[in-house]
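Reader: I would like a close look at a single part of this model, taken slowly and with the reasoning spelled out. Please begin with one helix and then work outward to whatever surrounds it.

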Amino acid sequence: MVISMKSEVNYVNMKELIRLIKTTGIYFLGTVGTKLISFLLLPLYTAYLLPSQYGRYDVNITYASLFSSVCFLDIWTGIMKYMFEDKEEERQFSVVYCGIMIFSTSAVLYTLLMAGFGFLKNIEYLPGVTAYGFFLCLQNLYGYLARAYGKNILFIITGLVSTTCNAALNILLLVVLGWDYKALYVSFGAGILAQCVILETKLQVIRHFRKRYLDKDTMKRLLRFSLPLCINSLCYWLLTGYNRVIIEREIDSTANGYYAVASKFGGILILVSSCFSMAWQELAYSKYGKDKDTGRFYSYATSVYIKVLFCGFFVMLPVIYLMFPYLVDEGYEAAKPMIPVNMLATLAGILFIFLANIIGTYKKNNVVFLSTLAASIVNMAVVHLLIEKIGAEAANIALLAGYVVSDGIRMYIIGREIEYHPDWKMFKYLLPFAGVVLLGFWKGQKEDNLVLVFVTIIASIWIMWRDIEPVVLKVRHKLIF
């Protein structure tokens, strides 16, 4: 039996909801620059780089992401989790420095593996590609530490510094000095290095190191939690990165360049949702009961999250249609038709991560792994089945299929742990409206999509009103009194 949304709102603690919204806003300010920069620089990238160059860059960082995600074990996730669980300062220090020791060992292994792989594949600008993966993980490490220590304002400031440095170097190297795509590696690394240096000066992680903090039991505990994430990361790469390699192999780098540009628009959804996901992760880790109220909370949160994602998709798609000619050089026009399905796949992928945080609360990492494995198998099967028939669009369809399968598995498993009943009735109006928006993008003209912008905004307010009304009334009450 599905619990009505109206009754379920009563089971949501308003303090938790306000906290979630507040923390999401903080993380939005902290990550918006770093995440948004690659999208806002699209006019620069597409004007100064050929699709084949951008496609080659994209597949190279895909390789770097594979090796870095496997080697570094997502150790920062384990560090933050056990820092929240261990309230004593001495034990928290032990978690941090045991995690950093694992991180340092992983860095050596990663560098050696990338050197060997790069030599065999003859990867151009191998040092830059290797540095990309390392700095990506270093940013995760320091970012999670800042969050764990509650340094949210510092997190915001350093994110903006990283963004500014990244953008300035991109303009200097591409426009002024006329570099090719190696400029993207240099600017990315420099921006993150600036952020991590500032975080280090404030957190003083290195300065506070003491040998006594290196504890074997803590290290084993971190490894037990993180090692399964290593295999999960491999499966996740087979889900998100494998298709790029297949496009380059079966078609060419140019097609992968179009696919990469289309994926940037899906990244806007990731931008907003990643802020919510970070805030949600903290709240989820603090709610691990199996009582009815917890089940109803997660049911309500899932329903609201799905509606927010669809509303974002509704509004953004016609806006993207109108803005595309101004954001992307005409040489990348072939990327435009791929955007809608890629965004749908991204939407399903965001829900995929959201559900993983709920499952992780109950320490069911094996479920996360199995559902990710199932998604990657579906993805690989579909992309190989369709790539010769429909080209690069096969990658988007395969990714969407993989995520939908995994989301179904994860919801089923959550339902076995707690009383979990999301509001399935909402799909009666979400899916038909999605069809209208898709039709407008693929078949409509500028005028049609301009009308759709206003229609989707009004529709989104109507869809979300019952959920945002308590928050609006609470804010209004505070302003009046």
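Author: The face of α17 that is turned away from its buried side carries the exposed residues Lys 428, Leu 431, Leu 439 and Lys 443. This is a predicted model, and what follows should be read with that in mind. The buried residues of α17, for their part, are Leu 430, Phe 433, Ala 434, Val 437, Leu 438, Gly 440 and Phe 441. Because they cover an arc of only 155 degrees around the axis, these buried residues lie on the same side of α17. The length of the helix can be checked as well: α17 runs over residues 427–443, and its 17 residues, at 1.5 Å a residue, should span 24 Å, which agrees with the 23 Å that separates its end C-alpha atoms.

From the helix one can pass to the second largest pocket, which holds about 320 Å³ of space. This pocket is lined by 17 residues, and those closest to its centre are Phe 310, Leu 347, Ala 348, Val 404 and Phe 427. The elements that give two or more residues to its lining are α13 (292–327), α14, α16 and α17, so the helix described above takes part in this lining together with three others. The largest share, five residues, is nevertheless that of α16. Sorted by class, the lining of the second largest pocket consists of 15 nonpolar residues, one polar residue and one charged residue.

Two of those helices return in an enclosed space. The structure holds three cavities of 30 Å³ or more, and the second largest cavity has a volume of about 40 Å³. The residues that line this cavity are Ile 358, Ile 359, Tyr 362, Lys 364, Ile 413, Ile 414 and Glu 417. Here the elements that give two or more residues to the lining are α14 (339–361) and α16 (393–417), and α16, with three residues, again provides the largest share. By class, the lining of the second largest cavity divides into five nonpolar residues, two charged residues and no polar ones.

Some individual residues elsewhere in the chain complete the picture. Leu 229 is found in helix α10, which covers residues 216–240, and it counts as buried because its relative accessibility is 11%, where the cut-off for buried is under 20%. Leu 229 and Val 368 are 139 residues apart in sequence, yet their C-alpha atoms are 8.7 Å apart in space. Ser 94, which has its place in helix α6 (residues 89–121), counts as buried too, at 8% relative accessibility. The side chain of Ser 94 reaches the backbone oxygen of Tyr 213 at a distance of 3.0 Å.

Two loop residues deserve a careful look at their backbone angles. Most residues other than glycine have a negative phi. Asp 74, however, has a phi near 55 degrees, a positive value in a residue other than glycine; it lies in the loop between α4 (51–71) and α5 (75–85), and with a relative accessible area of 22% Asp 74 is partly exposed. Tyr 125 likewise has a positive phi, near 55 degrees, and is a residue other than glycine. Tyr 125 has its place in the loop between α6 and α7 (126–148), and at 26% relative accessibility Tyr 125 counts as partly exposed.

Notes: Residues numbered from 1 in each chain as written. Predicted model: local features only at pLDDT ≥ 70, side-chain atom pairs only at ≥ 80, totals over all residues. Heavy atoms only, no water. 1 Å grid on protein atoms, 1.4 Å probe; cavity = no way out; pocket = protein on both sides within 12 Å on 5 of 7 lines; lining within 4 Å. Points joined across faces, edges and corners; volume = space filled by probe spheres on them. Helix = DSSP H or I, 4+ residues; strand = E, 2+ residues; numbered from the N terminus. Nonpolar A, V, L, I, M, F, W, Y, C, P; charged D, E, K, R; others polar. Expected span 1.5 Å × (residues − 1). Buried < 20%, exposed > 50% of the residue type's maximum accessible area, 1.4 Å probe, protein only. Arc of directions from axis to C-beta. Polar contact = N/O pair within 3.5 Å; in protein donor to acceptor, adjacent residues only side chain to side chain.
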